[in-house]
Amino acid sequence: MTEEQGEKKADEPKRVHTYPLIRHSDMTEEMRVEAMELCVTACEKFASNNENAAKMIKETMDKKFGASWHAIVGEGFGFEITHEVKNLLYMFFGGTMAIAVWKCS
């Protein structure tokens, strides 16, 4: 790579995705759409408080799809979980905000 190409890459702005980006999900289509919309709503409503966003997601999923749902909202986290089959959603929203929602019995 020449010096000129290196400078060109440094000047390019970062691409921030403002739409939801699902990285992994084994949910049914209907459940996935509802969960994704809920996550987007929660992240927009509580843009500066990830804990409240996760609480809203968890409580709403508990009401709609039964108990034992868990939610993580944040940036720069890793996770390894055990979950019920067809009850996992891992997505990004607003660029770097990650949301993990899953159900375990």
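1. Strands β3 and β4 pair in the antiparallel sense over six bridges, and in this predicted model the two strands form a hairpin with three residues between them. Gly94, which sits in the turn of that hairpin, has a positive phi of about 65 degrees. Within the pairing, Met91 has Ile99 of β4 as its bridge partner.

2. On the side of β2, strand β4 (residues 97-103) is again paired in the antiparallel sense, over six bridges. Two positions illustrate the register: Ile72 stands opposite Ala100 in β4, and Val73 has Ile99 of β4 as its bridge partner. Ile99 is thus a bridge partner of Val73 and also of Met91.

3. Taken as a whole, the sheet is open and has four strands in the order β1-β3-β4-β2, with antiparallel pairing. Its edge strands are β1 (21-25) and β2 (69-74), each of which pairs on one side only. From one strand to the next, the twist averages 15 degrees. As a reminder, strands of a sheet pair through backbone hydrogen bonds, either parallel or antiparallel.

4. How much of β4 is buried? Seven of its seven residues are buried, and the strand is accordingly described as mostly covered. In a regular strand the side chains alternate between the two faces of the sheet. For β4, Met97, Ile99, Val101 and Lys103 are buried on one side, while Ala98, Ala100 and Trp102 are buried on the other, and both faces are covered. A colleague inspecting the model may wish to note that the buried set on the first of these sides includes a lysine, Lys103.

5. Two helices deserve a description together with the sheet. Helix α2 (residues 29-45) packs on the sheet and touches β1, β2, β3 (88-93) and β4, with a direction that makes about 40 degrees with that of β3. Helix α3 (residues 50-65), for its part, lies across β2 and β4 and runs at about 155 degrees to β2.

6. With its 17 residues, α2 reaches 24 Å from its first C-alpha to its last, which is close to the 24 Å expected at 1.5 Å a residue. The buried residues of this helix are Met31, Arg32, Ala35, Met36, Leu38, Cys39, Val40, Ala42 and Cys43, and they pack against β1, α3, β2, β3 and β4. Arg32 is, like Lys103 of β4, a residue with a basic side chain that is counted as buried.

7. How are α2 and α3 placed relative to each other? Their axes are 9 Å apart and the helices pack at an angle of about 150 degrees; since angles over 145 degrees count as roughly antiparallel, α2 and α3 are therefore roughly antiparallel to each other. The crossing of the two helices is right-handed. From α2, the residues that take part are Met31, Glu34, Ala35, Leu38, Cys39, Thr41, Ala42, Cys43 and Lys45, and they meet Ala53, Met56, Ile57, Thr60, Met61, Lys64 and Phe65 in α3.

8. Most residues other than glycine have a negative phi, and most peptide bonds are trans. Against that background, two loop residues merit a check by eye. Ser68 has a positive phi of about 80 degrees although it is not a glycine; its place is in the loop between α3 and β2, and it is partly exposed, with a relative accessible area of 33%. Lys86, also not a glycine, has a positive phi near 65 degrees and is found in the loop between β2 and β3.

9. Which residues does Cys104, in the segment after β4, contact beyond its neighbours within four places in sequence? Its partners are Ser68, His70, Thr82, His83 and Glu84, so that the Ser68 of the preceding point, in the loop between α3 and β2, appears here again. Cys104 and Thr82 are 22 residues apart in sequence, yet 6.8 Å apart in space from C-alpha to C-alpha. Cys104 itself is partly exposed, with a relative accessible area of 24%.

10. For the chain overall, the secondary structure comes to three helices and four strands, which follow the pattern α-β-α-α-β-β-β along the sequence. Of the 105 residues, 30% count as buried. Among contacts between residues at least 6 apart in sequence, 57% join residues at least 24 apart.

Note on methods: Residues numbered from 1 in each chain as written. Predicted model: local features only at pLDDT ≥ 70, side-chain atom pairs only at ≥ 80, totals over all residues. Heavy atoms only, no water. Pairing = 2+ DSSP bridges. Axes fitted to C-alpha atoms, helices over the stretch in contact; angles between N-to-C directions. Contact = heavy atoms within 4.5 Å. Expected span 1.5 Å × (residues − 1). Buried < 20%, exposed > 50% of the residue type's maximum accessible area, 1.4 Å probe, protein only. Parallel < 35°, antiparallel > 145°, perpendicular 65-115°, else oblique. Left-handed = near helix turned anticlockwise from the far one by under 90°.
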